[in-house]
Amino acid sequence: MFSNDFLFIVDVDQSKVSLAMYDNRMNNLKQLRRSGLFDTNVPRYTSYPPANHFGAEDGRTHQSEWLSAVPDGSTVSLYIHIPFCKRLCWFCACRTQGTKSLRPVDAYVENLLEELRLVRSKMRPNIALTRLHLGGGTPTILSPQTMQRLLTRIFDAFDEADDFEFSVEIDPTEASDALLNMLAANGMNRASIGVQDFAPVVQEAIGRPQTFEQTAHVVNVLRGAGVKSLNMDLLYGLPHQTLPGLSDTLQQVLSLQPDRLALYGYAHVPWMSKRQVMIDADALPDGETRFALAALAHEVLVADGFEAIGIDHFARPGDTLAIAQIKGTLRRNFQGYTDDTSEVLIGLGASSISKFPQGYSQNAAATSAYVKHVLNGELAGMRGYNMTLQDSVTARMIETLMCQFTLDADALAAQFPAADDLIRAKMKTIADRFSDHFDATPGRLIVKNASRPLVRIFAHGLDAFESPDKRHSSAI
């Protein structure tokens with residue numbers, strides 16, 4: 001996302017950060033400021049259209065039809081949402097709920113199994129599973145017995161594709177050794193470990209105490225169980241976060257030798273996630289400090305040998321994500337950047353979103369409403385979006401821009417022959433609007449290295465929707 005042109009200067013009180021450029025010094029920072037990087041809120045574009053544009057009827061109307069239309073012999077990805085946590089971290093904006101016992105969790109899994117049966121009954125028999133991802137919430141809150149029951153039913157429902165990958169989001173403070181070993185024995189070959197930041201002052205400010213020792217123990221258990229790939233999730237833009245503190249966290253993370261890293265910008269949206277009112281907004285870094293934190297992390301990780309993937313992921317050379325970037329097959333979905341090329345992602349559980357070539361279907365968000373539908377023998381889709389050709393073209397253009405920082409009119413027109421004029425018109429719109437930020441040749445736009453931090457703003461220039469509340473996350 002960032003070029004190698006940044007020099008960081010930290011004041012001795014560690015309260016202010018300035019960025020200078022080696023050649024054009026402040027010119028690029030001024031240009032980024034003028035382009036709205038530090039005061040613009042835009043979607044993250046993990047889907048197009050973003051989920052706030054889903055309609056109340058589309059998901060319910062089309063879910064069964066789209067499931068039945070998945071071709072025989074094809075592959076699908078499966079996402080399982082576990083919306084329970086024993087602690088509710090204040091920074092989190094995911095659909096989750098607290099619980100002090102496993103009784104509601106076990107009951108919820110029984111409803112998941114019924115939804116799995118309903119969904120699978122709508123699909124053709126010869127369909128294989130290419131990706132399985134358990135997210136939340138806290139999937140590792142499940143007991144080994146309940147987790148085994150869930151996995152057994154999933155593997156009974158779907159055969160595994162040749163490139164099958166099984167990943168789980170892991171909270172190191174809520175993951176027993178027995179559960180981790182059982183997941184590995186069932187084929188989990190990628191684990192995603194939440195870290196956020198190891199600085200105690202930051203952890204206290206976001207309600208997430210987690211020691212380095214707890215995290216290292218989980219890493220050792222997973223490596224010992226034969227899990228081949230470990231991903232770690234970090235956040236920048238957290239309260240009381242500083243460059244020296246983030247640098248210390250990065251060194252601790254690197255000592256654990258992860259294979260991938262995701263570095264997300266914290267989205268402070270207390271109007272959407274009520275628990276975020278617990279976070280002191282006055283302690284949040286401003287836009288330019290957020291930029292400095294992200295750029296510092298980029299430089300540290302690239303210097304350690306990671307390949308920068310898109311705007312917020314990093315992978316070791318040889319990792320399938322890095323290979324996908326080189327091959328031009330990198331994709332973007334609700335989990336961020338992925339090498340999964342399946343056209344169908346099925347979401348199970350409350351609030352889960354399924355993606356089909358025809359559109360999106362999102363399950364009832366409230367757990368009680370989700371359970372009611374499943375117990376009535378109904379699919380749980382309540383909201384969604386039915387894609388038009390223009391939507392599909394725009395979605396692919398945004399994904400290509402976010403993944404490759406490039407738009408090629410001929411390549412896009414080869415995918416959408418009936419939309420050549422639309423593609424070129426959209427490219428002209430953003431080329432004219434952001435002319436200083438692209439290297440342009442006939443039919444091709446390439447984002448300049450120094451302008452890559454603006455790519456979500458460029459994507460917004462392609463977006464045909466206007467968000468009525470303008471309450472998306474910061475562009476940086």
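**Stop 1: asparagine 231**

Select asparagine 231, in strand β9 (residues 229–236). Helices (H or I, at least four residues) and strands (E, at least two) are DSSP runs, numbered from the N terminus. This is a predicted model, where local features need pLDDT of at least 70 and side-chain atom pairs count only at pLDDT 80 or more, while totals for chains, interfaces and linings use all residues. Residues are numbered from 1 along each chain as its sequence is written, and side-chain values use heavy atoms, with hydrogens and water left out.

Is asparagine 231 buried or exposed? Asparagine 231 counts as buried because its relative accessibility is 10%. Buried means under 20% relative accessible area, exposed over 50%, and partly exposed in between (1.4 Å probe, protein chains only).

Now show the side chain of serine 192. A polar contact of 2.9 Å links it to the side chain of asparagine 231. A polar contact is a pair of N or O atoms within 3.5 Å; within protein, one must be able to donate a hydrogen and the other to accept it, and residues adjacent in sequence count only if both atoms are side-chain atoms.

Widen the selection around asparagine 231. Setting aside neighbours within four places in sequence, its contacts (heavy atoms within 4.5 Å) are Ala191, Ser192, Ile193, Arg260, Leu261 and Ala262.

**Stop 2: helix α8**

Select residues 243–255, helix α8. Its 13 residues should span 18 Å at 1.5 Å a residue, and its end C-alpha atoms are 18 Å apart, so the two agree. The expected span is 1.5 Å times one less than the number of residues.

Colour the buried residues of α8: Leu243, Gly245, Leu246, Thr249, Leu250, Val253 and Leu254. An α-helix has 3.6 residues a turn, so residues three or four places apart point the same way.

Go to the start of α8. There a side-chain oxygen of threonine 242 comes to within 3.0 Å of the backbone nitrogen of glycine 245. Then go just past the other end. Glutamine 257 has a positive phi of about 55 degrees there.

**Stop 3: asparagine 220**

Move to helix α7 (residues 212–224) and pick asparagine 220. Asparagine 220 counts as exposed because its relative accessibility is 55%. Draw a C-alpha to C-alpha distance to leucine 256. It reads 8.8 Å, with the two positions 36 residues apart in sequence numbering.

**Stop 4: strands β16, β17 and β18**

Select β17, residues 359–363. How many of its five residues are buried? Five of the five are. Look along the strand: Gly359, Ser361 and Asn363 point one way, Tyr360 and Gln362 the other way, and all are buried.

Add β16, residues 353–356. Four bridges join β16 to β17, and the two run antiparallel. Two strands pair if DSSP finds at least two bridges between them. β16 and β17 form a hairpin, with two residues between them. Serine 354 has serine 361 of β17 as its bridge partner. Lysine 355 stands opposite tyrosine 360.

Add β18, residues 381–386. β18 pairs with β17 in the antiparallel sense, over five bridges. Glutamine 362 has arginine 383 of β18 as its bridge partner.

**Stop 5: serine 451**

Select serine 451, in the loop between β21 (444–447) and α15 (455–462). Serine 451 is buried, with a relative accessible area of 2%. Its side chain makes a polar contact of 2.7 Å with the side chain of histidine 437. Beyond four places in sequence, serine 451 is in contact with His437 and Phe458.

**Stop 6: two cysteines**

Select cysteine 85 and cysteine 403. Cysteine 85 is buried at 9% relative accessible area, and cysteine 403 is buried at 4%. Apply the disulfide rule, a pair of cysteine sulfur atoms within 2.5 Å. The count comes to zero disulfides.

**Stop 7: arginine 33**

Select arginine 33 in helix α1 (residues 26–34). Arginine 33 counts as partly exposed because its relative accessibility is 35%. Its side chain joins that of glutamate 288 in a polar contact of 2.7 Å. Arginine 33 touches Phe38 and Glu288, not counting residues up to four places away. Methionine 182 is 149 residues from arginine 33 in sequence and 50 Å from it in space, C-alpha to C-alpha.

**Last stop: confidence**

Colour by pLDDT, the predictor's confidence in each residue, from 0 to 100. The protein averages 91, and 93% of the residues score at least 70. Now select residues 6–26. Their pLDDT stays under 50, and the model has 41 contacts for them beyond four places in sequence. Where pLDDT is low, the predicted coordinates should not be read in detail.
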